[in-house]
Amino acid sequence: MIKIICVSALLIHTLAGAQTDSVVYKASNHEIKAAKNPLGKKEETYSITITVTHIRNHDGVIRFKFFDDATPFPHKMGFRKVVVPKTLVTGDSLRVTYNGFISKNMGIALLDDENNNWELDFGWFLPKEGHAFSDYYHTALRKPTYKDFRFLLTGDRKVIMKMKYY
């Protein structure tokens with residue numbers, strides 16, 4: 001039991017640090033400016049459609065952070081942040097699409113910031129708020145790593161993120 005509590009505390013500390021910085025983008029389908037290759041030509045860009053499931057209420061906001069090989073999880077900033085108001089949640093799910101991503105390894109983490117205070121709130125030892133990762137549901141007794149939830153973006157992609165609450 002002590003081992004589970006210690007590992008959970010380490011996981012929670014990592015998630016809290018990865019989710020508490022300033023907002024770069026607000027919710028909507030913003031595009032990232034297309035990157036140019038060394039020859040001055042625009043690189044092809046892709047969209048990511050994210051479906052978040054098992055959201056327990058409509059309070060607060062969902063905070064997404066996008067990570068890549070240059071800024072892997074648990075990097076404080078990631079390479080992009082998005083805040084989505086939970087007024088966009090339908091039932092217990094949310095679906096959003098973002099455009100303008102170039103082909104690369106990347107991963108997405110999110111925090112269900114129910115009181116919109118920019119941090120992961122804790123109860124006794126466990127978080128009071130939920131989290132999720134791109135196409136990965138974390139159940140291990142260790143903190144998640146970037147390799148657990150990263151994917152290679154080579155075209156438009158659909159990502160499923162199942163919320164985890166304690």
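Lys104 stands opposite Leu153 in β8, and in this predicted model that position is one of the places where β6 meets its neighbours. Three bridges join β6 to β8, and the two strands run antiparallel. β6 also pairs with β7, again in the antiparallel sense and over three bridges, with Phe133 of β7 serving as the bridge partner of Ala109. A further pairing connects β6 to β3, where eight bridges join strands that run antiparallel, and here Asp112 in β6 is the bridge partner of Ile62. Eight of the 10 residues of β6 are buried, so the strand is largely enclosed by the rest of the structure.

The pairing of β3 with β6 is accompanied by contacts between charged side chains. Asp68 and Lys104 meet through their side chains in a salt bridge, with N and O 2.8 Å apart. This pair links distant parts of the chain, since Asp68 belongs to strand β3 and Lys104 to strand β6, 36 residues apart. The two partners differ in how they are covered: Asp68 is buried, with a relative accessible area of 8%, whereas Lys104, at 22% relative accessibility, counts as partly exposed, because the boundary for buried residues is set at under 20%.

A second salt bridge is formed by Arg63 with Asp113, whose closest N and O atoms are 2.8 Å apart. Arg63 lies in strand β3 and Asp113 in strand β6, so this pair ties together parts that are 50 residues apart in sequence. Both Arg63 and Asp113 are buried.

Beyond the strands, Arg56 forms a salt bridge with Glu114, and the closest N and O atoms are 2.8 Å apart. Arg56 sits in the loop between β2 (45–53) and β3 (61–68), while Glu114 sits in the loop between β6 (104–113) and β7 (131–133), so that the pair links distant parts of the chain, 58 residues apart. Arg56 is partly exposed, with a relative accessible area of 42%, but Glu114 is buried, with a relative accessible area of 16%. The count of salt bridges in the model comes to five.

Lys128 brings the description further into the loop between β6 and β7. When residues up to four places away in sequence are not counted, Lys128 touches Arg56, Glu114, Asp121, Phe122 and Gly123, a list that includes both partners of the salt bridge between Arg56 and Glu114. The C-alpha atoms of Lys128 and Asp113, which are 15 residues apart along the chain, are separated by 9.5 Å.

The loop between β6 and β7 also holds Trp124, which counts as exposed at 78% relative accessibility. Together with Phe125, Leu126 and Tyr166, Trp124 forms a nonpolar patch on the surface, with about 480 Å² of accessible area for the four residues together.

The interior offers a contrasting arrangement of nonpolar residues. In soluble globular proteins, nonpolar side chains tend to be buried together. In the model, the largest nonpolar core has 24 residues, of which Ile48, Ile50, Val52, Phe64, Phe66, Leu94 and Met161 touch the most other members. The elements that give two or more residues to this core are β2, β3, β4 (80–85), β5 (94–102), β6, β8 (151–153) and β9 (157–162). Apart from this core lies another, of seven residues, among them Phe67, Tyr136, Tyr146 and Phe149. Within the largest core, Phe64 can be followed in detail: leaving aside residues up to four places away in sequence, the contacts of Phe64 include Ile50, Val52, Leu94, Val96, Ile108 and Met161, as well as Arg80 and Lys81.

Some features of the backbone remain to be described. Most residues other than glycine have a negative phi, and most peptide bonds are trans. The peptide bond from Phe73 to Pro74, however, is cis, with omega near 10 degrees, and Pro74 has its place in the loop between β3 and β4. His54, found in the loop between β2 and β3, has a positive phi near 65 degrees, and this residue is partly exposed, with a relative accessible area of 42%. Trp118, which is not a glycine, likewise has a positive phi, of about 70 degrees. Trp118 is found in the loop between β6 and β7 and is partly exposed, with a relative accessible area of 32%.

Key. Residues are numbered from 1 along each chain as its sequence is written. This is a predicted model: local features need pLDDT of at least 70, side-chain atom pairs count only at pLDDT 80 or more; totals for chains, interfaces and linings use all residues. Side-chain values use heavy atoms; hydrogens and water are left out. Helices (H or I, at least four residues) and strands (E, at least two) are DSSP runs, numbered from the N terminus. Buried means under 20% relative accessible area, exposed over 50%, partly exposed in between (1.4 Å probe, protein chains only). A nonpolar core is a set of buried Ala, Val, Leu, Ile, Met, Phe, Trp, Tyr and Cys residues joined through side-chain atoms within 4.5 Å. Contact means heavy atoms within 4.5 Å. Patches are made of residues with over 30% relative accessible area and no salt bridge: like charges are joined within 9 Å, nonpolar side chains (Val, Leu, Ile, Met, Phe, Trp, Tyr) within 5 Å. Accessible areas come from the Shrake-Rupley method with a 1.4 Å probe; for residues, only the protein chains shown count as cover. Two strands pair if DSSP finds at least two bridges between them.
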